[in-house]
Amino acid sequence: MTYALITQPSAEALTLAEVKAHLRLDDGSEDALLASLISVAREHPERTTGPCLITQVWRLHLESLPEDRVIQIAKGPVQAVESLSIYEEVVLPAAGHVLDGTARPARLYWLET
């Protein structure tokens, strides 16, 4: 099971202006450092705890469909599943599943076809 980030969050939880105001910084000499620290402040808890704090698009690679037909998704909460495809190049219809996106871990129940 491998995760690949497809689309980064469109914005961070804090803006550079908010951080600079909090730190009482007026000049732009530390803007690049502060921007990277804002990203790290979001990414670290996402990596260590699992849940994504801001909407992102991820790809989950599985070698095969589990025997119980339940795919556990560690990244969450899951809002939607865009597509499913099995390693053997078989594309599964998007309507053949039930998503429990709020569970921890999120679960995708693949229905019998």
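Among contacts in the protein chain between residues at least 6 apart in sequence, what percentage join residues at least 24 apart? The figure is 56%, and I would like to keep that number in mind while we walk through this structure, which is a predicted model.

Let me begin with the overall layout. The protein chain has 113 residues, of which 25% are buried. It holds two helices and seven strands, and if we read from the N terminus the order of the elements is β-α-α-β-β-β-β-β-β.

I will start at strand β1, which covers residues 2-7 and contains Y3. With a relative accessibility of 23%, Y3 counts as partly exposed, because buried would require a value under 20%. Setting aside neighbours within four places in sequence, Y3 is in contact with W58, R59, L60, Q72, I73, A74 and K75. One of these partners, K75, is 72 residues away from Y3 along the chain, and yet the C-alpha atoms of the two are separated by 8.5 Å. Another partner is A74, whose backbone nitrogen is reached by the side chain of Y3 at 2.7 Å.

The next residue to look at is A4, which is also in strand β1. A4 has a relative accessible area of 25% and is therefore partly exposed. Beyond its neighbours up to four places away in sequence, A4 touches V57, W58, R59 and H61. For A4 and R59, the separation is 55 residues in sequence, whereas from C-alpha to C-alpha it is 5.1 Å in space.

While we are at W58 and K75, there is one more detail to point out, which is that the charged end of K75 sits over the ring of W58, at 4.3 Å from the ring centre. As for pairs between aromatic rings, the count comes to zero.

Now to the helices. Helix α1 is made of residues 16-23, and K20 is found in it. Is K20 buried or exposed? K20 is buried, since its relative accessible area is 15% and the cut-off for buried is under 20%. Its side chain makes a polar contact of 3.1 Å with the side chain of D31. Leaving out residues up to four places away in sequence, K20 touches L25, D26, D27, G28, D31 and L34.

Both D31 and L34 bring us to helix α2, which runs over residues 31-49. Its 19 residues, at 1.5 Å each, should span 27 Å, and the C-alpha atoms at its ends are 28 Å apart, so the expected and modelled lengths agree. The buried residues of α2 are L34, I38, R42 and E46, and these buried residues pack against α1. After α2 comes G50, which has a positive phi, near 105°.

Further along, in the loop between α2 and β2, we find Q56. Q56 counts as buried, because its relative accessibility is 15%. The side chain of Q56 has a polar contact of 2.9 Å with the side chain of E46, and a polar contact of 2.9 Å also joins the side chains of Q56 and W58. Apart from residues up to four places away in sequence, Q56 touches L5, T7, P9, R42 and E46. Two of these names, R42 and E46, were among the buried residues of α2 that I listed a moment ago.

Finally, let us turn to the nonpolar core. In soluble globular proteins, nonpolar side chains tend to be buried together. In this model, the largest nonpolar core has seven residues, namely I71, I73, V78, L84, A106, L108 and W110. Strands β3 (70-73) and β7 (106-110) each supply at least two residues of this core, and the largest share, three residues, comes from β7.

Within that core, I73 deserves a closer look. Not counting residues up to four places away in sequence, I73 touches Y3, L60, V78, P105, A106 and L108. Among these, V78, A106 and L108 are fellow members of the core, while Y3 takes us back to strand β1, where we began our walk along the chain.

To close, I return to the opening question: of the contacts between residues at least 6 apart in sequence, 56% join residues at least 24 apart. Y3 and K75, at 72 residues apart along the chain, and A4 and R59, at 55 residues apart, are the two pairs I would suggest finding in the model.

Terms used. Residues are numbered from 1 along each chain as its sequence is written. This is a predicted model: local features need pLDDT of at least 70, side-chain atom pairs count only at pLDDT 80 or more; totals for chains, interfaces and linings use all residues. Side-chain values use heavy atoms; hydrogens and water are left out. A nonpolar core is a set of buried Ala, Val, Leu, Ile, Met, Phe, Trp, Tyr and Cys residues joined through side-chain atoms within 4.5 Å. Buried means under 20% relative accessible area, exposed over 50%, partly exposed in between (1.4 Å probe, protein chains only). Helices (H or I, at least four residues) and strands (E, at least two) are DSSP runs, numbered from the N terminus. Contact means heavy atoms within 4.5 Å. Rings of Phe, Tyr and Trp (its six-membered ring) pair if their centres lie within 6.5 Å; planes under 30 degrees apart count as stacked, over 60 as edge-to-face and the rest as tilted. A charge sits over a ring if NZ of Lys or CZ of Arg is within 6 Å of the ring centre and within 35 degrees of the ring normal. A polar contact is a pair of N or O atoms within 3.5 Å; within protein, one must be able to donate a hydrogen and the other to accept it, and residues adjacent in sequence count only if both atoms are side-chain atoms. The expected span of a helix is 1.5 Å times one less than its number of residues.
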